[in-house]
Amino acid sequence: MSSVISGSTIKTLQIDAKNSFEISQDGCYQLAGTNNKKIDIYITKDKNVEIVDLSIDCSIHLHLDSGVNLKMISLKYKVSNTIYEVFINGAGVDFNLDSISIAQADDNIGIYSTVHHTMPNSQSYQYIKCIGTDSSTTTFEGKVHILKGAGGTNAYQQNKNLMLSDEATILARPWLEVYADDVKCSHGSTTGMLSEDEIFYMRQRGIPLKSAQKLQIEGFILGVTQKISNESLREKISKIIFKIIEKL
Amino acid sequence: MLYINNLHASIEEREILKGINLTVNKGEVHAIMGPNGSGKSTLASVLAGKEKFTVTEGTVIFESQNLLDMPIEKRAHEGLFLGFQYPVEIPGVSMANFLKSAINEQRTYRGEAPISASDFLKKMREKSAIVDIDPKLISRSVNEGFSGGEKKRNEIFQMAMLNPKLSILDETDSGLDIDALRVVANGVTHLKSSDNATIVITHYQRLLDYIVPDFVHVLYNGRIIRSAGKELALELEERGYDWLIKECENE
Ligand SMILES: Nc1ncnc2c1ncn2[C@@H]1O[C@H](COP(=O)(O)OP(=O)(O)O)[C@@H](O)[C@H]1O
Ligand SMILES: [Mg+2]
C-alpha cells in the first residue's frame, strides 16, 4: 500500500496494526474521486485514524481496540446519496462521526448511516448537521443497531438541522434498534431556523443583518470543520464552505 | 441626547407602553425602577429596535435623529447600547470574531479604518481588566456556557469595547452577588463621561448604592408614574411600590 492514498485507484483501504503506519503518521486520509464506488476500510488496534470523506459511500469495519474519527462532508452535489455502514466488530472500539451537509438550489441530498454494534464495550458518537437552503431536499436516516452480546455499549447520536428557506425540506429519521441489555443509548433530532434572538443581539452590537446571519451559519458548521485535525484539509474544506455561505 | 415623547408600543395587539415621556441629557444617569411586568424591558427593546414590538404612537429623537426610523444596527452605530436582561448564547461564534465584527462595522459607519489586530488585542486586554472578566471566557463562543454573573460582566465588557453614547442596562444587577455587583458598577462608573449617558433599569435599590443616579423614574403599567432625584430609590426600598401605585390611582 502506498503512503499517499488518493485518487480513483482506491477501492479498498485495508488497515491493520501491522501496516497502518501511513495512517498513524499522517493521521489523516482523504478519500475522493473514486467515481462513487464504495470503499471498504478495515481498522484493527489503531485509534489514530481520521477519515475525511467527501460523500463517498463506505463501509468501515472496526476491530479490537480500534477507532476512527470520520468526517462526512456533503456539499455541492445536485443529487447524491451517501451511504455508510459501520461495523463495530471488536471490543473497546471508538467511533466518532461529524457530518455536515449543505443542500442548495434544488439539490437532493441523502445521508444514510447504519452503525452496527456487534461486540461489547464499544462507543459510537455521531453528530450530524444538515443545512437546507432554497428548494432543496435533505434526507437523513441514521440507524444505530445494537446486537445481542453488545452489552456495555455506549451509543449517542445527535442530529441538528438548519433550515434557511421556507421551501427547503429536511427529513430526519434517527432510529434505534437495541437487542442487548446494559447499554447506554440516546439520540435526538432538532430542526430550526436561524435564531431571531441571536440575530437581534448581534445587530444591537452593530453587525448588519446579512453578516449576522452569516456568522450564525458559520457557527453552525464550525463545530464540524474545526474538528478536522489535518490542517491543510481543514483549511481547504473551510474555504469551500465559506464560499458557499458567501453566496447564500 | 434622547427625547421620548408619548411613546406607545404593543405586542400582539396588547398595549404594553402607554405613553412614555423621558428626556436624557449628556452626562446623566437615569434609573428606571418598577415592579415586574411594568414594561421596563419592553421600553429598552423598543429603543433598541426589536421588531416584535409595534410602536403605535409617539416619537423618539436620539442625537437629533428620528430613532424609530433606523434599523437595529444603525441605532448601534449611532451609539445606542443595550445591556440585555437575558444575554443570548451564540454557539459557534467566538467572542473575538463577534466583537471585532461589531467594532469594525461601527468604525466603517464613522468612516474609520478597521481596527488592527494588535490594537484589538490590546483593547480586549484593557477592557476585560475593567470588569475583571476571565480572559478564558473571551476565547469561547459568545455567552456559551457562561454563568449568569459572567454573562452580565460580559455585557459591561462589550459596552466598554464599543464605547457607546447611550447605554441602557436592563437589570444588569439581577443574579449578581455583592462582589460582582461592585465590579459591574465600577465598570459603569469608569466608563461614565460628560459626553455619554446611562439608563439603568433595576428593581433593587442595591445597585444604586454604587451607580448613583441623577434621576429615578418609576415605571408602572406602561407609564412613568413618578420621577424624582436619587432619594426616591431609598424611599422605594423602605416602603415598596404599593403606596406610589395607590397615590397614582387616586389622582
Ligand atoms: N414577547 C412578549 N410577548 C408577549 N408579551 C410580552 C412579551 N414581552 C413582554 N410581554 C409582556 O409585557 C409586559 C411587560 O413586560 P416587561 O417589559 O418584560 O416588564 P419588566 O421588564 O418591567 O418586568 C408583561 O405583561 C409581559 O408579559
Ligand atoms: Mg425586565
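Buried, as used here, means under 20% relative accessible area, exposed means over 50%, and partly exposed lies in between, with a 1.4 Å probe and protein chains only. The structure is a predicted model, in which local features need pLDDT of at least 70 and side-chain atom pairs count only at pLDDT 80 or more, while totals for chains, interfaces and linings use all residues. Residues are numbered from 1 along each chain as its sequence is written, chains are lettered from A and ligands numbered from 1 in the order in which they are written, and side-chain values use heavy atoms, with hydrogens and water left out.

**Exercise 1. Determine whether A:T114 is buried or exposed, and describe its surroundings.**

Step 1. A:T114 is located in strand 9 (residues 108-117) of chain A, where strands (E, at least two residues) and helices (H or I, at least four) are DSSP runs numbered from the N terminus.

Step 2. Because its relative accessibility is 17%, A:T114 counts as buried.

Step 3. Taking contact to mean heavy atoms within 4.5 Å, and not counting residues up to four places away in sequence, one finds that A:T114 touches A:Y84, A:E85, A:V86 and A:K143.

Step 4. Strand 9 of chain A is joined to strand 11 of chain A by ten bridges, and the two run parallel; strands count as paired if DSSP finds at least two bridges between them. One of the matched positions is A:G110, whose bridge partner in strand 11 of chain A is A:T139.

Step 5. Strand 11 (residues 137-146) of chain A is mostly covered, since eight of its ten residues are buried. Ten bridges also pair strand 11 of chain A, in the parallel sense, with strand 13 (residues 169-178) of chain A, and there A:H145 stands opposite A:E177.

Step 6. For chain A as a whole, the secondary structure comes to four helices and 14 strands, and 50% of its 248 residues count as buried.

**Exercise 2. Work out the strand order of the open sheet in chain B, and place helix 1 of chain B against that sheet.**

Step 1. The open sheet has four strands in the order 2-1-4-5, with antiparallel pairing. Its edge strands, each pairing on one side only, are strand 2 (14-24) and strand 5 (65-66) of chain B.

Step 2. Strand 1 (residues 2-11) and strand 4 (residues 54-62) of chain B run antiparallel and are joined by seven bridges. B:N5 has B:T59 in strand 4 of chain B as its bridge partner.

Step 3. Helix 1 (residues 40-48) of chain B packs on the sheet, where it touches strand 1, strand 2 and strand 4 of chain B, and its direction makes about 105° with that of strand 1 of chain B. The axes behind this angle are lines fitted to C-alpha atoms, for helices over the stretch in contact, and angles run from 0 to 180 degrees between N-to-C directions.

Step 4. B:I16, found in strand 2 of chain B, counts as buried because its relative accessibility is 13%. Leaving aside neighbours within four places in sequence, its contacts include B:A9, B:T42 and B:G222. The C-alpha atoms of B:I16 and B:R223 are separated by 9.1 Å, although these residues are 207 apart along the chain.

**Exercise 3. Characterise the aromatic pairs that A:Y201 forms with B:F84 and with B:F98.**

Step 1. Rings of Phe, Tyr and Trp (its six-membered ring) pair if their centres lie within 6.5 Å; planes under 30 degrees apart count as stacked, over 60 as edge-to-face and the rest as tilted. By this rule there are five aromatic pairs over all chains.

Step 2. A:Y201 and B:F84 form a tilted pair, with 4.9 Å centre to centre and 40° between the planes. A:Y201 lies in helix 2 (residues 196-204) of chain A and B:F84 in the loop between strand 6 (80-83) and strand 7 (90-94) of chain B, so the pair joins two chains.

Step 3. A:Y201 and B:F98 form a stacked pair, with 5.8 Å centre to centre and 20° between the planes. This pair also joins two chains, because A:Y201 lies in helix 2 of chain A and B:F98 in helix 3 (residues 95-109) of chain B.

Step 4. A:Y201 is buried at 0% relative accessibility, and B:F84 is buried with a relative accessible area of 12%; B:F98 is buried as well. Ring pairs link A:F200, A:Y201, B:F84 and B:F98 into a cluster.
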